[in-house]
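The following exchange concerns the classification of features in a protein model. Each answer sets a computed value against the criterion that applies.

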Amino acid sequence: MAWNEPGNKGKDPWGNKSGNDKGPPDLDEVFKNISKRFGGKGNGSGAGFSAFGLVIVLVIAVVVWGLSGFYTVKEAEKGVALRFGQYIGEVGPGLQWKATFIDEVYPVNVSNVRSIPASGSMLTADENVVLVELDVQYIVVDPYRFMFSAVDANASLREATDSALRYVIGHNRMDDILTTGRDQIRRDTWDEVNRIIEPYNLGLEIRDVNFLPARPPEEVKDAFDDAIAAQEDEQRFIREAEAYSREIEPKARGTVQRMEQQANAYKEREVLEARGKVARFEQLLPEYKAAPEVTRNRLYIDAMSLVYSGSNKVLVDSKSSGNMMYLPLDKLMEQNQSTKKAKAAAKADTSNQESANSMVNSLSMPLDGRASRSDRTREGRN
């Protein structure tokens, strides 16, 4: 109840019996009241606390201090533990405890892949300006070094990446940066970043370096687009030519092999025919010496039979009728030509057989020069 409320009868809530407002109570009175509550005698400013009350206060303080030391480290993190500012080790994931005001633990994420971009307009080796973009992906492998080897490890890595990228771009030509040399620039930048950050022991490990497509300044972009299109067309034509070469080469090899086989077969055939003719003439020589006239006639007849066998013959019987009948000689000639074409295909296969038959016939001819009965039957002179 407030001292100025109705029914208070003018009593001072601070214990002033006179009812006059003289300010807050004396501190000695407050300590006496607290001492009485904890079983003290209340004589002296704070000196009346009993041993039991002091123990209770200490126990409560210890409990609060102990409970305040519990903390949790996440699954993807590791804790860097310091005792009075000195590194004492790493703390694994889970529920942990530390001595408050004595130990300090700084959790660091060591599982997530972090990324730092780098971009800008840079000068190339051929004194051109190109716009490049780079993205470095890394993870933390040593939390203590990541936290305390540098003031800001992320800022140090960012500056190292920018320096390495400018160095690599400055040693490459613009055409390579825009077209075929992008992968080599990516590897060179990766190696250069590792070389720069190695002395600083930042506790980082670079997992990948993504070199994004570079582009020329907007003022010359159209010209470079045309140049890139021409280079792409060149590569496409080269691939098409290689595909055509791979397609034609087996066919050409097959044709060459077939021609070689045909040439070898033709060679063998000609050799065999020549040997047959030589053997035939060797067999005819003794017969010719024995009967030269008969042998010459026989050879003449065989030659003329071969000549007339391929010529067109028309027989007209004028004795049976007095009128000369019209014969379609042109039709007969066309029919004969078609027949000759059909026989020409089989003539090559039967040439060897005919040569052999001729040689056999010549050998079977009697010594008196008369043809055999089979020859006379074939010639129509029975």
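Q: How many helices and strands does the chain have?
A: This is a predicted model, and its chain has ten helices and eight strands. Buried residues account for 22% of the 382 residues. The accessible surface is about 27500 Å², and 56% of that area belongs to carbon and sulfur atoms.

Q: What makes asparagine 172 count as buried?
A: The relative accessibility of asparagine 172 is 16%. Buried means under 20%, so asparagine 172 is placed in that class. The residue sits in the loop between H4 and helix H5 (174-178). Leaving aside neighbours within four places in sequence, asparagine 172 is in contact with Thr124, Ala125, Ile177 and Ile185.

Q: Why does the approach of the side chain of asparagine 172 to the backbone oxygen of valine 168 fall within the distance limit for a polar contact?
A: A polar atom of the asparagine 172 side chain lies 2.6 Å from the backbone oxygen of valine 168. The limit for a polar contact is 3.5 Å, so the distance criterion is met.

Q: Why is the aromatic pair of tyrosine 144 and phenylalanine 148 called tilted?
A: The ring centres of tyrosine 144 and phenylalanine 148 are 5.5 Å apart, with 45° between the planes. Centres within 6.5 Å make a pair, while planes under 30 degrees apart count as stacked and over 60 as edge-to-face. An angle of 45° meets neither of those two conditions, so the pair is tilted. Tyrosine 144 and phenylalanine 148 both belong to helix H3 (residues 143-148), where they are four residues apart, about one turn of the helix. A search of the whole structure finds four aromatic pairs, and one aromatic cluster is formed by Tyr87, Tyr106, Tyr144 and Phe148.

Q: Why are tyrosine 144 and phenylalanine 148 described as partly exposed?
A: Tyrosine 144 has a relative accessible area of 32%, and phenylalanine 148 has 39%. Partly exposed covers the range between under 20% (buried) and over 50% (exposed). Both residues therefore receive that description.

Q: What makes phenylalanine 101 exposed, and which class does asparagine 201 fall into?
A: Phenylalanine 101 has a relative accessible area of 73%, and exposed means over 50%, so the term applies. Asparagine 201, at 38%, is partly exposed. Phenylalanine 101 is in the loop between strand S4 (94-97) and strand S5 (103-109), and its phi is near 70°, a positive value in a residue other than glycine. Asparagine 201 is in the loop between H6 and S8; its phi, near 50°, is likewise positive in a residue other than glycine.

Q: How do you know that S6 and strand S7 (residues 129-140) pair?
A: Ten bridges join S6 to S7, and the two strands run antiparallel. Pairing requires at least two bridges, so the criterion is satisfied. In one example, valine 132 in S7 is the bridge partner of glycine 120.

Q: What makes strand S6 (114-123) and strand S8 (204-215) edge strands?
A: Three strands form an open antiparallel sheet in the order S6-S7-S8. S6 and S8 each pair on one side only. On average, neighbouring strands of this sheet are turned by 20° against each other, direction ignored.

Q: Which strands does helix H4 (residues 153-170) lie across?
A: Helix H4 lies across S6, S7 and S8, running at about 35° to S6. Helix H6 (residues 182-197) also packs on the sheet, touching S7 and S8, and its direction makes about 140° with that of S8.

Terms used
Residues are numbered from 1 along each chain as its sequence is written. This is a predicted model: local features need pLDDT of at least 70, side-chain atom pairs count only at pLDDT 80 or more; totals for chains, interfaces and linings use all residues. Side-chain values use heavy atoms; hydrogens and water are left out. Axes are lines fitted to C-alpha atoms, for helices over the stretch in contact, and angles run from 0 to 180 degrees between N-to-C directions. Contact means heavy atoms within 4.5 Å. Buried means under 20% relative accessible area, exposed over 50%, partly exposed in between (1.4 Å probe, protein chains only). Accessible areas come from the Shrake-Rupley method with a 1.4 Å probe; for residues, only the protein chains shown count as cover. A polar contact is a pair of N or O atoms within 3.5 Å; within protein, one must be able to donate a hydrogen and the other to accept it, and residues adjacent in sequence count only if both atoms are side-chain atoms. Rings of Phe, Tyr and Trp (its six-membered ring) pair if their centres lie within 6.5 Å; planes under 30 degrees apart count as stacked, over 60 as edge-to-face and the rest as tilted.
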